[in-house]
Amino acid sequence: MATIGTAAKRAGCNVETIRYYQRIGLLSMPPRAARSRRTYGDGEVRHLKFIRRCRELGFTLKDVRALIELATAAPENCNRVRQLAEAQATSVRRKMIELAQVENWLTQMVAQCSAPSHVGCPILDTLFDTADV
């Protein structure tokens with residue numbers, strides 16, 4: 001059994017993240033031990049690591065909640081888990097395309113910047129000129 005601080009370290013998150021997950025119902029409150037401190041066991045730490053990994057993969061909190069519910073339900077829910085993972089993979093691919101476009105745009109702006117002594121800043125000019133687009 002561990003304190004919230006130790007559980008946070010073991011799970012690779014911070015204390016406020018744990019408290020937030022508890023407030024929104026993604027993580028249940030563990031029992032209190034001596035001196036009214038809550039104690040976190042391996043199960044809670046495993047649960048936190050699961051949430052953290054889902055978030056690292058870009059799942060929304062709504063999706064994480066659904067995955068938690070599916071994880072505790074019958075094995076036949078694996079198809080629904082697969083659907084959520086496929087949808088997330090599609091979202092990641094779309095974001096990768098968008099990020100490649102952003103990288104291309106930034107590279108073009110940097111290439112327009114000839115020298116530090118140039119009057120004005122071509123990058124700022126471009127950003128201001130396209131701010132209304």
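I will go through the overall form of this model, then a nonpolar patch on its surface, and then its two cysteines.

Before anything else, please keep in mind that what we are looking at is a predicted model, and that the values I quote are computed from it.

Let me start with the fold as a whole. The secondary structure comes to six helices and zero strands, so that, because only runs of helix or strand in the DSSP sense are numbered as elements, the order from the N terminus on reads simply α-α-α-α-α-α. As for overall dimensions, the C-alpha atoms fill a box of roughly 70 × 40 × 25 Å when it is taken along the principal axes. The radius of gyration tells us something further, since a compact globule of 133 residues would have a value near 14 Å, whereas this protein has 23 Å.

How much of the chain is buried? Of the 133 residues, 23% count as buried. The accessible surface comes to about 9,600 Å², and 57% of that area belongs to carbon and sulfur atoms. Turning to contacts, if we take those between residues at least 6 apart in sequence, 42% of them join residues at least 24 apart.

On the surface, I would draw your attention to a nonpolar patch of about 580 Å², which is made by Val102, Trp105, Leu106, Leu124, Leu127 and Phe128. The elements that give two or more residues to this patch are α5, spanning 78-112, and α6, spanning 122-129. One of the patch residues, Leu127, has its place in helix α6, and Leu127 is partly exposed, with a relative accessible area of 36%. That value is relevant to its membership, because patches are made of residues with over 30% relative accessible area.

Finally, the cysteines. How many disulfides does the model contain? The count comes to zero. Cys13 is in no disulfide, and the nearest cysteine sulfur to it, that of Cys54, is 13 Å away; Cys54 is likewise in no disulfide, with the sulfur of Cys13 as its nearest, at 13 Å. This pair is therefore not counted, because a disulfide requires two cysteine sulfur atoms within 2.5 Å.

Are these two cysteines buried or partly exposed? Cys13 is partly exposed, with a relative accessible area of 22%, while Cys54, at 6% relative accessibility, counts as buried. The cut-off matters for reading these labels, because buried means under 20% relative accessible area, and Cys13, at 22%, is therefore placed in the partly exposed class.

How values were computed:
Residues numbered from 1 in each chain as written. Predicted model: local features only at pLDDT ≥ 70, side-chain atom pairs only at ≥ 80, totals over all residues. Heavy atoms only, no water. Buried < 20%, exposed > 50% of the residue type's maximum accessible area, 1.4 Å probe, protein only. Patch = residues over 30% accessible without salt bridge, like charges linked within 9 Å, V, L, I, M, F, W, Y side chains within 5 Å. Areas by Shrake-Rupley, 256 points an atom, 1.4 Å probe, with all protein chains shown as cover. Salt bridge = Lys/Arg side-chain N within 4 Å of Asp/Glu carboxyl O. Helix = DSSP H or I, 4+ residues; strand = E, 2+ residues; numbered from the N terminus. Rg over C-alpha atoms; globule rule 2.2 N^0.38 Å. Contact = heavy atoms within 4.5 Å.
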